[in-house]
Amino acid sequence: MLVFEPIYKERVWGGQRFADALKRPTDRTKHIGESWEIVDRPEAQSVIVDGEYKGMTIREVLEKHGKEVMGPKYEGQPFPILVKWLDSDDRLSLQVHPPAAIAPELNGEPKTENWYIVEADDNAAVLAGLKAGTTKEMLEQSLKDNNMQDYVCRLPVKPGDSLFVESGRLHAIDAGNLILEIQQNSDTTYRTYDWGRVGLDGKPRELHIEESLKCIDYNDFEPELLKTGNEPAQLVTSPIFNLRKIVLKKGETVTFGKESGPKIISVTKGKVAEELSTRFYHFGTNALLPYNKGITLNAYEDTELLITEDFVG
């Protein structure tokens, strides 16, 4: 499998969970909010850490070995998924991503994503969707009255909870969460409301009110979390990607066949090793299994894996 060097992003709402929970050597003097685990964008390129492609970017690998990695339907486009760890030590802004029908008009990219809650403080929550009866006019007035949060659903979360956030859904992550985000390869976010805070530079962060009001789905009422606990589950079924959770007891194995489609394998709990190998994948790892490879993984302790698939063609 292909494992990449993480790209860390400082955010005003970031914390220290990458060091404390994921045991990574991050800079504790910074508020690290995001770790981009797999990304193929002009401004950010994942670099492979070992194996036959060591030192190559994901773009270089796809240019030279695209069909081996992605399968016969691959036509040279950027890798379609962006994988992130999010550490929300503080609340994120209320924001929205543009739906596909609106994004070109705004010179943006559509962005649908899924949040899987890996760690959550006792009072942790996410904000998503509108309270029943909320209208566009009410949201516009709430921006003037500085109380937009009163119209957005607050959903308390626990580890194992999952939420599909389609483009157009007004949303924010509250403080106290470690989240694995699987998303479309996009970096278009319209910040709607930011609680009156300032950014890392001490200045108020830019808001995108006009764009946001064009993008919000005003029929998106009262969404519900998918609460999986410690059980396996199908988390997402969509035209963009499918996402499922596998649960393994210590000593159990799982096999992914060759030519069954490329897959992103994310270790959200425990530790696995490749069969007949000493190569381990620890909690926090996100790896890409190429189309032309098969693999059997052995659980060295009780383990959770998220499998992202069906994102090509």
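Trainee: Is Tyr 193 buried or exposed, and how is that read?

Mentor: Burial is judged from relative accessible area, with values under 20% counting as buried. In this predicted model, Tyr 193 has a relative accessible area of 7%, so it is buried.

Trainee: Which aromatic residue pairs with Tyr 193?

Mentor: A pair of aromatic rings is described by the distance of the centres and the angle of the planes. Here Tyr 193 pairs with Trp 195, at 5.1 Å centre to centre and with 75 degrees between the planes, an edge-to-face arrangement.

Trainee: Where does Trp 195 lie, and which residues does it touch?

Mentor: Trp 195 is placed in the loop between strand E14 (190–193) and H4. Leaving aside residues up to four places away in sequence, Trp 195 touches Arg 91, Leu 92, Ser 93, Leu 94, Leu 127 and Gln 149. For Leu 92, the C-alpha atom is 9.0 Å from that of Trp 195, although 103 residues separate the two along the chain. The relative accessibility of Trp 195 is 22%, so this residue counts as partly exposed.

Trainee: How many aromatic pairs does the count come to?

Mentor: The count comes to six aromatic pairs. One of them joins Tyr 8 and Phe 18, whose ring centres are 6.0 Å apart; the planes meet at 35 degrees, so this pair is tilted. Tyr 8 belongs to strand E2 (residues 7–15) and Phe 18 to helix H1 (residues 17–20), and the two are 10 residues apart.

Trainee: Why do Tyr 8 and Phe 18 fall into their burial classes?

Mentor: Partly exposed residues lie between the 20% and 50% cut-offs. Tyr 8 has 30% relative accessibility and therefore counts as partly exposed, whereas Phe 18, at 1%, counts as buried.

Trainee: I should like to turn to the whole chain. How many helices and strands does it have?

Mentor: The chain has four helices and 24 strands.

Trainee: Why can the radius of gyration be said to agree with a compact globule?

Mentor: One compares the value of the chain with the value expected for its length. A compact globule of 313 residues would have a radius of gyration near 20 Å, and the chain has 20 Å, so the two agree. Along the principal axes, the C-alpha atoms fill a box of roughly 60 × 40 × 35 Å.

Trainee: What share of the residues is buried, and what belongs to the accessible surface?

Mentor: Of the 313 residues, 56% count as buried. The accessible surface amounts to about 14000 Å², and carbon and sulfur atoms account for 47% of it.

Trainee: What do the contacts say about separation in sequence?

Mentor: One takes the contacts between residues at least 6 apart in sequence and asks what share joins residues at least 24 apart; in this chain the share is 75%.

Trainee: How far apart are the mean positions of the positive and negative charges?

Mentor: There are 38 positive and 51 negative charges, and their mean positions are 3 Å apart.

Trainee: Which residues other than glycine have a positive phi, and where do they lie?

Mentor: Among them is Asn 146, with phi near 65 degrees, in the loop between helix H3 (136–145) and strand E10 (152–156). Another example is Glu 222, with phi near 50 degrees. The loop that holds Glu 222 runs between helix H4 (209–215) and strand E15 (226–227). With a relative accessible area of 43%, Glu 222 is partly exposed.

Trainee: Where are Glu 60 and Glu 75 found?

Mentor: Glu 60 is part of helix H2 (residues 58–70) and, at 34% relative accessibility, counts as partly exposed. The C-alpha atoms of Glu 60 and Val 47 are 9.4 Å apart, with their positions 13 residues apart along the chain. Glu 75 sits in the loop between H2 and strand E6 (81–88). Its relative accessible area is 72%, so Glu 75 is exposed.

Trainee: How should separation in sequence be set beside separation in space for Glu 75?

Mentor: The two values are read together. Glu 75 and Val 312 are 237 residues apart in sequence, yet 9.5 Å apart from C-alpha to C-alpha. Thr 278 is 203 residues from Glu 75 along the chain, and their C-alpha atoms are separated by 35 Å. Thr 278 lies in the loop between strand E20 (271–274) and strand E21 (280–282), and counts as exposed at 73% relative accessibility.

Definitions and conventions
Residues numbered from 1 in each chain as written. Predicted model: local features only at pLDDT ≥ 70, side-chain atom pairs only at ≥ 80, totals over all residues. Heavy atoms only, no water. Rg over C-alpha atoms; globule rule 2.2 N^0.38 Å. Buried < 20%, exposed > 50% of the residue type's maximum accessible area, 1.4 Å probe, protein only. Contact = heavy atoms within 4.5 Å. Areas by Shrake-Rupley, 256 points an atom, 1.4 Å probe, with all protein chains shown as cover. Lys, Arg positive; Asp, Glu negative; His and termini not counted. Charge placed at Lys NZ, Arg CZ, Asp CG, Glu CD. Phe/Tyr/Trp six-rings, centres within 6.5 Å; stacked < 30°, edge-to-face > 60°.
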